[in-house]
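Me: I would like to go through this model step by step, asking at each point what a label rests on. Please set each value against its cut-off before you conclude.

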Amino acid sequence: MRQQQEIWRQEHLGAGTLPTMADQVPSTGVRAFGEWLTEHDTPAEGRVVDIGMGKGRNAIYFAELGYEVYGIEYIAEAIEVAKKLADQRGVSNRLTVQEADIDAPWNFPDNYFDIAIDSFATVDVETKTGREVCRDEMLRTLKVGGLALVLVCSNEDEWEKEMISSNPGPELNSTLWPETGKFQKDYDEAELREFYKDFEVVELQTIKKQVEKLGRSGVGTNFWMVLRKASA
């Protein structure tokens, strides 16, 4: 994961191919999840883990809603930005950050979190084994009945479909982005459901929207999925 870590470090230090990484507002998918929780009468309380927190925009959004948020991130420069932003927004007392890999065992006890957020974080873990570790840690640390939001890119996404053909990665439905060599794992619906089969799928939507990526506009296609940890 060291090669991918350096790629992401460079992404965080500059605009790179993802200018939205400079945003200080939550992603649209995470904001939609916050609204979904309200619509389903979920009280804004308890612990949230933001997996692959980045510069903290999603973590800070949940802290502002009133949750106690824990971010896991391995890029030190991104963590510093997140801490400064949390201080500016007055929520530093509700944000705890662990500088750690998401694809290694987490330093949290069993049944600790009420909510987990994976906003396009695990798609960048370049081995299936690593993604399985992260998934299993999410399951282990969620309370029974706890909810998880998972956002991933569809293999039908305009750019990803092209790159799966022209710049394939080492796995089915994976790519190596041109110029940077950044790994990305995409999914079809059946594969996504199979990967998270130990959870209850509460809701799964295919989201299409106009986006700008790799220097052009087009239609992005993502999966927006809410999972629940069921009782044993």
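Me: Where is the place of F120?

Reply: This is a predicted model, and in it F120 sits in the loop between β4 and α5.

Me: What makes the phi of F120 worth a remark?

Reply: Most residues other than glycine have a negative phi. F120 is not a glycine, and yet its phi is positive, at about 60°.

Me: Why is F120 called partly exposed?

Reply: The relative accessible area of F120 is 30%, and because the partly exposed class lies between the buried limit of under 20% and the exposed limit of over 50%, F120 is called partly exposed.

Me: Which residue in the loop between α6 and β6 can be set beside it, and why is N173 called buried?

Reply: N173 is placed in the loop between α6 (158-166) and β6 (174-176), and N173 too has a positive phi, of about 55°, although it is not a glycine. Its relative accessible area is 9%, and buried means under 20%, so N173 is called buried.

Me: What is N173 in contact with, leaving aside its neighbours within four places in sequence?

Reply: With those neighbours left aside, N173 is in contact with N155, I164, Q184, K185, D186, Y187, D188 and E191. For E191 there is also a link between side chains, a polar contact of 3.2 Å with N173; the cut-off for such a pair of N or O atoms is 3.5 Å, so the value of 3.2 Å lies within it.

Me: Which residues are closest to the centre of the second largest pocket, and what volume does that pocket have?

Reply: The second largest pocket has a volume of about 220 Å³. Of the 13 residues that line it, K128, E132, E191, E194 and F195 are the closest to its centre. Two elements, α5 (128-141) and α7 (189-195), give two or more residues to this lining, and the largest share, four residues, comes from α5.

Me: How many residues of that lining are charged?

Reply: Ten residues of the lining count as charged, with three nonpolar and no polar residues beside them.

Me: Why is S217 called partly exposed, and what joins the side chains of S217 and E212?

Reply: S217, which is placed in strand β9 (residues 216-228), has a relative accessible area of 49%; because exposed means over 50% and buried means under 20%, the value of 49% makes S217 partly exposed. A polar contact of 2.8 Å joins the side chains of S217 and E212. Neighbours within four places in sequence left aside, S217 is in contact with E158, W159, V211 and E212. S217 and E158 are 59 residues apart in sequence, and their C-alpha atoms are 10.0 Å apart in space.

Me: Which residues of α3 are buried, and what covers them?

Reply: In helix α3 (residues 57-65), the buried residues are N58, A59, I60, Y61, F62 and A63. Their cover includes α2 (28-39), β1 (47-51), β2 (68-73), α4 (76-88), β3 (95-99) and β4 (113-119). Just after α3, G66 takes a positive phi of about 115°.

Me: Why are C134 and C153 called buried, and how many disulfides are counted?

Reply: C134 has a relative accessible area of 2% and C153 one of 3%; because buried means under 20%, C134 and C153 are called buried. A disulfide requires a pair of cysteine sulfur atoms within 2.5 Å, and by this rule the count is zero.

Terms used
Residues numbered from 1 in each chain as written. Predicted model: local features only at pLDDT ≥ 70, side-chain atom pairs only at ≥ 80, totals over all residues. Heavy atoms only, no water. Buried < 20%, exposed > 50% of the residue type's maximum accessible area, 1.4 Å probe, protein only. 1 Å grid on protein atoms, 1.4 Å probe; cavity = no way out; pocket = protein on both sides within 12 Å on 5 of 7 lines; lining within 4 Å. Points joined across faces, edges and corners; volume = space filled by probe spheres on them. Nonpolar A, V, L, I, M, F, W, Y, C, P; charged D, E, K, R; others polar. Contact = heavy atoms within 4.5 Å. Polar contact = N/O pair within 3.5 Å; in protein donor to acceptor, adjacent residues only side chain to side chain.
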